[in-house]
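Open the model in your viewer and keep the selection panel at hand. The stops below go from the whole chain down to single side chains.

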Amino acid sequence: MTILLVFAGGGVGSVLRYLTDRWVQARHGLNLPLGTLLVNLAGCLILGVVAGGMAHAGWSPRLQSLLGDGLCGGLTTFSAFSVEVVTLARDRLPMRAVGYTLVSVAAGIGLAALGWAVT
């Protein structure tokens with residue numbers, strides 16, 4: 001049963017990541033990976049909420065499997081983030097690469113802490 005929950009959540013998360021990235025890229029002509037940033041930050045918040053709910057509210061391990069391992073695992077992508085930082089650096093945009101890295105890490109940690117705190 002757990003594998004099916006992770007599978008279902010991961011499928012939904014992957015599709016949401018793809019659709020979010022396409023939607024953001026269609027609306028912004030910036031040379032910044034805003035779609036990946038958005039889903040990574042949203043995933044940090046969601047995973048923080050799930051972790052807080054597990055720790056303090058006794059949420060079901062099945063919810064952890066569906067939303068934490070599955071949805072957040074499919075939604076967020078460290079591999080895409082890493083390639084995009086390298087691409088920005090390769091395109092001679094080092095300040096954007098550094099800024100994107102700092103915002104992703106700092107905001108991601110902050111949103112995970114916020115998600116944990118609100119639950």
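This tour of a predicted model starts with the overall fold and ends with the salt bridges.

**Whole chain.** Show the protein chain as a cartoon: there are five helices and zero strands, in the order α-α-α-α-α along the sequence. The C-alpha atoms fit a box of roughly 50 × 25 × 20 Å along the principal axes. Of the 119 residues, 30% are buried. Among contacts with a separation of 6 or more, 69% join residues 24 or more positions apart. Switch on the surface; its accessible area is about 7,000 Å², and carbon and sulfur atoms hold 73% of that.

**Helix α1.** Select residues 2-27, which form helix α1. What distance separates the end C-alpha atoms of α1? They are 38 Å apart, which agrees with the 38 Å expected for 26 residues at 1.5 Å a residue. Next, colour the buried residues of α1: L5, G9, G10, G13, T20, D21 and V24. They pack against α2 (34-56) and α3 (61-75), so display those two helices as well.

**T20.** Zoom in on T20, one of the buried residues of α1. A polar atom of the T20 side chain lies 2.7 Å from the backbone oxygen of L16. An α-helix has 3.6 residues a turn, so residues three or four places apart point the same way. Leaving aside residues up to four places away in sequence, T20 touches G35, L38 and V39.

**Nonpolar patch.** Select V15, Y18 and L19, which make a nonpolar surface patch of about 320 Å². V15 also belongs to helix α1. With a relative accessible area of 47%, V15 is partly exposed, because it falls short of the 50% that exposed residues must exceed.

**Salt bridges.** How many salt bridges does a search of the whole structure find? The search finds two.

- Select D21 and R22: the closest N and O atoms of this salt bridge are 2.4 Å apart. D21 has 16% relative accessibility and counts as buried, whereas R22 is partly exposed at 43%.
- Select R90 and D91: their side chains meet in a salt bridge, at 3.4 Å from N to O. D91 is partly exposed, with a relative accessible area of 34%, and R90 counts as exposed at 59%.

Terms used. Residues numbered from 1 in each chain as written. Predicted model: local features only at pLDDT ≥ 70, side-chain atom pairs only at ≥ 80, totals over all residues. Heavy atoms only, no water. Helix = DSSP H or I, 4+ residues; strand = E, 2+ residues; numbered from the N terminus. Polar contact = N/O pair within 3.5 Å; in protein donor to acceptor, adjacent residues only side chain to side chain. Contact = heavy atoms within 4.5 Å. Patch = residues over 30% accessible without salt bridge, like charges linked within 9 Å, V, L, I, M, F, W, Y side chains within 5 Å. Areas by Shrake-Rupley, 256 points an atom, 1.4 Å probe, with all protein chains shown as cover. Salt bridge = Lys/Arg side-chain N within 4 Å of Asp/Glu carboxyl O. Buried < 20%, exposed > 50% of the residue type's maximum accessible area, 1.4 Å probe, protein only. Expected span 1.5 Å × (residues − 1).
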